[in-house]
Each structure stands twice: as C-alpha cells, then as structure tokens.
Amino acid sequence: MNAKHDKNESRQDIFSAWMKTAGDVWGNMFRVWSDAAATIRPSDASPSGASGHAQTSMDAAMKTWQVLSSTMAQPEILDSMLKGSGTMPEILMKVAQTSLSGFLEFQHKWFERAGRIGKSTEAYTFEDLDENAFKAWTEIYEKEFRQFFNIPQLGLTRFYQEKANQTLDKFNLFQAAISEFLRLLYLPVTKSFSVMQEKLGELSEAGELPEDSKQYYQMWIKILEGHYMTLFQSSEYVQTMGKTLDTMSEFAAAKNDLMEDMLNTLPISTQKDMDDLYKEIYLLKKRIKALEKNLDH
Amino acid sequence: MGKPKIPVDLILSKLVEEADKARARAHKASDVLLGPLDSKIAATPYEVVCQEDRVKLKHYIPVTDIKLKTPLLVVYALINRETMLDLQPGRSVVETLLAHGIDLYMIDWGYPSRKDKFLTIDDHVNGYMDTMVDFIRQKHNLEKINLMGICMGGTFCVIYSSLNPAKIKNLITTVTPTNFDTDKGLLHLWMKAVDPDRLTDTYGNISGDAMNFGFLLLNPARLMIDKYVGFFEKIDNKQFVENFVRMEKWIFDSPDLPGETFRQFIKDFYQKNLLIQSKLEVGGKRVDLKNITMPLLNFYGKYDHLVPPEACELLTGRVGSKDSTDVCLETGHIGIYVSSKCQREFAPRIAAWLAERDEPDRKPRKKKSATTKKAATIAAVKSKSSRRSQKHAQRSG
C-alpha cells in the first residue's frame, strides 16, 4: 500500500515538475519573441494594426497556457488525473482484445475458406468450383464494411457525400466480382497445364512422346480450348459473368452520377444535358417522318 | 529398365531445327512487314446514292451487263461492318454477285454516336430500311426488290419482309438467328444472364469494343492465342500477312450498338424468343412469319458458334412461303462469306437462285388474293414516284 502511495507521489512530482518547467520555458520563449517582435515592428505600426492583432492573440494564448499549466500542477488535480490515466491501460487492453478476437475470427474464417480453394481443381469439374475465398470476401465486405458507406449523411452536402460513398461501395463490389471472374477465366489455363503434364506422363510411359515441339503446343491448345468450352457452359461462369456485368454497370452509373455533380459546377454541358437534347431531337425527327409519310398517303 | 526411352536427342534436334527456321522466318518477315502491304478492304467501287442520318445506301458499280431485272439489297448486321462481304479481291461476295450480273445495293449503317442511343429496331427496320427499299423501288420503277440479310441484318430482313411483303420479291437470309431458344451457341446461353436494362441505362450505346471482347471470349484459346501463333508461323508470307491484316481490320472495326436496339434485341429475341413464335411487335405491329410468302433461301453454317444451325433452321418451316430452302454449309459464321470453298458455293448459288425467280411481277402460284393487292400497290407507287424521288434527293444531299 505504501509502495503504491510512494509510486503515485513520485509520479505527481515528476509531472508537476514537468508542467512547471514547460510553463517557464514557454514563458521565457514568449518574452524573447515579444522583445524580438518589438525591435522589428515598424515604429509607426499601431497596436491596432495587423501585427498588433497577432501580438494580442499570442499574449492571450500564452496566458491561457500558463494558467492551465499552473492549475494542472496543483497536487489534487494532478492526483485525479493520474488516477484516470491508471485506468486507461485496462480500457485499451479491452478494446485491443475485442478487436484482436474479431480479427482472429475473421482470419480464421478467411483461412478456413481459403484452404478450400483448389480442392476441386480436378480437370473438367467446373460445376463444383470453390468460390469460397471470393464469396467470403464479398460476404465479409457486405456484412462488416459496407454499412460504413451507408451511414446516413447529414447537412447541406449530404447528397454529394452519399454519392461519393455509393461510388466507393459499388467500386468495392465490382472489384470483388471481377476478381472472381478473372480467377474463373484463368482456371482453364491452370487445369490445361495439369492435364498436359498427365498426358505427357502417359505418352512417356508408352514411349509415344512427340518429337516435334509444335505437336506439344497443339496438344495443349486443344486441351485449353476444351476446358474453356466446359467452363463457359457452366452455370457458375454464366452467373459470375452476369454479376460482373451488373456490378460494373452499377459502379459506372454511380461514378457517372458523381461526375455529373462535379461537371455541373463547370460552364459545360453534362451528358445528362446532352441526352435530354438528343431525346428531343429524336422525338422531333420521328414526328416529322410520320408527318411526311402521312402527306405521301 | 522396362520403361520406354524418351527420344530426347530427337526432340532437341527438332528444337534446333525449329529455332533455325524461326530465325530465317524472322529475317524474311522484316522484309514483308517493312515493305509495301496491300491490306485495303472494301475495294470494289461503289457510290452512295441515298443517305438518311448516319445510314448510307451503297450502289456498286456494275462490272458486266445487268442480267437480273430485280436489284438486290443487302442488309448487314449492326455489329461489325458490311466490309466483310468485300474483304479482298478474289474472295469477295460483292465481286461475285456483280460478276453474275446482279444490280447490287448495300446498307452501310455507319457509326452510331450517343445521339443514336434512342434508336429502336423499329427505327432501323421501318425507318432506315424502308427508306432504302423505297428509294430502290422508285429508282428502278419496281414494285418489289430482292432482299438479303446477314446475321442480325437477316433478322431485320425477316421482320421487314413480314411487315412489308408487298415490297419484297425474294428473301435470302444468311446465318440469321430467328430461334433463340437454344443452348447450343454460347451467346444464347450467356445472353439469358445479361441484364440489358442495366447496361443500356448505364452506358447508352453498347460499346463495339466491349462486344468484340465478348466475341473473343467465346473461344479465347483459338481467337486470342492460336490465331496469332498461326500468324507468326506464316509471317514471312506476304500474301498471308496481307489477308490476315485485312481480317484484323474488319474484325476490330466495331461500331457501337444503339442502346435501345440492344435492349430490345436481348429482351425480345434472346430472352423471350418472340420472333419465331410470331409474337414479336415492332412499331406497334405484330411480326407474323406467315406474312412471309415470297421465296426464301436460308443459309447457315454447320460449325457456326455464334448462330448455330438450331438458331436458323426453324424459319423455313414457320413462314407462309411455299418456296423455301435451307442450305447448310460446312463452315462457320464468317467462313460462309470469306472461305475460298464457300466462295464457289455461296454467292454463285444465290445468283442462280435469284435468276430462277427473276420473272418480273411473277405472282405466287397458289395465292390469288395477293394479285389484286399487288396491282393496287403498283399503281400507288407509280403515282407517287416523282414526289418521293424529290424527297430522297433532298435526303441524299
């Protein structure tokens, strides 16, 4: 108990000493700066001029600091402050523990799903593609992060902020979709190499390895073509392609929307302005054509 | 010990041989690539005789006496360009048709810009196509003309012929999708997963480059790898390089597709398959395939991966015509127009088929009711021809 009390007292002393020293240093600095400023200040400059205002502000700031530091240096205030700071590590630890367990959970989930990638990469088995890694990312994004972009915006600029957030959100979704799509497109290449290796092994066993390098290429391109054909007909590919196109369109639309707002501030026509005009021209031309036809008849 | 020996020595010697060949080829290739190359496409002379907005009507300068009294209008798809029919001298559908004495017209759809995004299938078929058909009818003082469609252009021709049977004498459809309820072609499968509303609302027009990327994805191994490996293997062959570059020029010359047309084409054709069921509506009118009473010649490719035979072959059984023929050629979607084998089979066959049906104003044998209607139309056309000619001249200007 005594040891704890001593430790607290010594902390108080150190802090009090530091506050006093800091107050003295800044007080001295202020005096030096004031003297220096007085020597370079033009003689006709009045205290009410620009430099006068700066000087007044500086004076006020320094006085506030001096008052604060001397108050903080009082033992009873310092004591309560240190008590508060003593509880800080506990709060920080709790926050860190919660974040860490969340992160570990996330990491665990991620590794668990990532571990399943490649389990179904046997040749010609596109129906059972393991998309869990990308699905996991999309799921985590949609459950954990996406909400940040949907926080209601407030105030005069709320619509603009909302559009900016939407663009970022749509971009993230598009990135997730296109990564999955590109992975699918690359899959036949990987598979064709593994099938090619198997085939070469078989040919080697049978002593039928081709002598001409071109035949190896032809063998590979045929295998690759076959894998692509199988992939392209799979429901996974068709769905992923559709999703990629959808998310790409949504991102483009959100980006255009944001861009329209920016262009509105410039003295140029936006795409929306032009589209309105084009539509009017289109409808007018159509009416004229119909009238011409009626005249003919 | 029982394992057979791997012929490493032979493989290595072949590799050395290949490397030597590649070096020699590279040396010759530099001469080919740095020298003058004739890779011009669409070289057959023509004049633009009518224009409405971005859409032009090309009339090819005859190279021989016109043998067929009825001119032929060719309608290409809105995807890629009509230059494919005239890719290179000696391998050109245009050239062959001209050589057979056909008076040939072709629609050039041009390059749609953002202002064209509202154009629908109705605008293309009942607007531009109708303007061009009427122009030719008036110029030649004819009641009917021959119509030939390529791919999506063929689908447009089917719609047009159903809505305007009095203006079309003979209809030729080539690699024309009319039945979309099939999983044979990847496009048919993929388009069911595409949301045309989202794409059209976002992008306005559908980018030609984006569509081309989609077409390359149909067979990336062949179209993105093997094709160029083949090119490097024959890079020292000037003629091969010229033809290869011609094809590259054509294939990547991709106009954007007007958004509203794309929206309707995906929804009503690929997703609902309305045309073949005679349930499609264009410009407020139902497209009844039974209205297609004129002779019909329907070409398709056995190995077409874009528009498979299943997408084409139902048409002849659904139309009202008593004279309809299916021709399945052993080739793919593009090969039908550019392969040397099809050059002998395709265009000459069209010319012969048209020649057999070129009797002016010949009436269908079993459809007497059409006769009165036809006579009335002729009278109407003749009485208005001068006024319309003036209008077309203004449009052309």
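This is a short tour of one strand in chain B and of the confidence along chain A.

The model is predicted: local features need pLDDT of at least 70, side-chain atom pairs count only at pLDDT 80 or more, and totals for chains, interfaces and linings use all residues. Residues are numbered from 1 along each chain as its sequence is written, while chains are lettered from A and ligands numbered from 1 in the order in which they are written.

**Strand β9 of chain B**

Select residues 296-301 of chain B, which form strand β9. Strands (E, at least two residues) and helices (H or I, at least four) are DSSP runs, numbered from the N terminus. Six of the six residues in β9(B) are buried (20 or more other C-beta atoms within 10 Å of a residue's own, C-beta atoms being placed from the backbone). L296(B), N298(B) and Y300(B) lie on one side, with L297(B), F299(B) and G301(B) on the other.

**Its neighbours**

Add residues 168-174 of chain B, strand β6, which pairs with β9(B) in the parallel sense over four bridges; pairing takes at least two DSSP bridges between two strands. Here T174(B) has F299(B) as its bridge partner. Next add residues 324-329, strand β10(B), joined to β9(B) in the parallel sense by six bridges. L296(B) is bridged to S324(B) there.

**Confidence in chain A**

Now colour chain A by pLDDT, the predictor's confidence in each residue, from 0 to 100. Its mean is 75, and 56% of its residues reach 70 or more. Among the elements of chain A, helix α7 (residues 235-264) has the highest mean, 94, and helix α2 (residues 50-72) the lowest, 56. Over residues 42-51 of chain A the pLDDT is below 50. Where pLDDT is low, predicted coordinates should not be read in detail.

Definitions and conventions
Buried ≥ 20, exposed ≤ 12 C-beta atoms within 10 Å, placed from the backbone. Contact = placed C-beta atoms within 7 Å.
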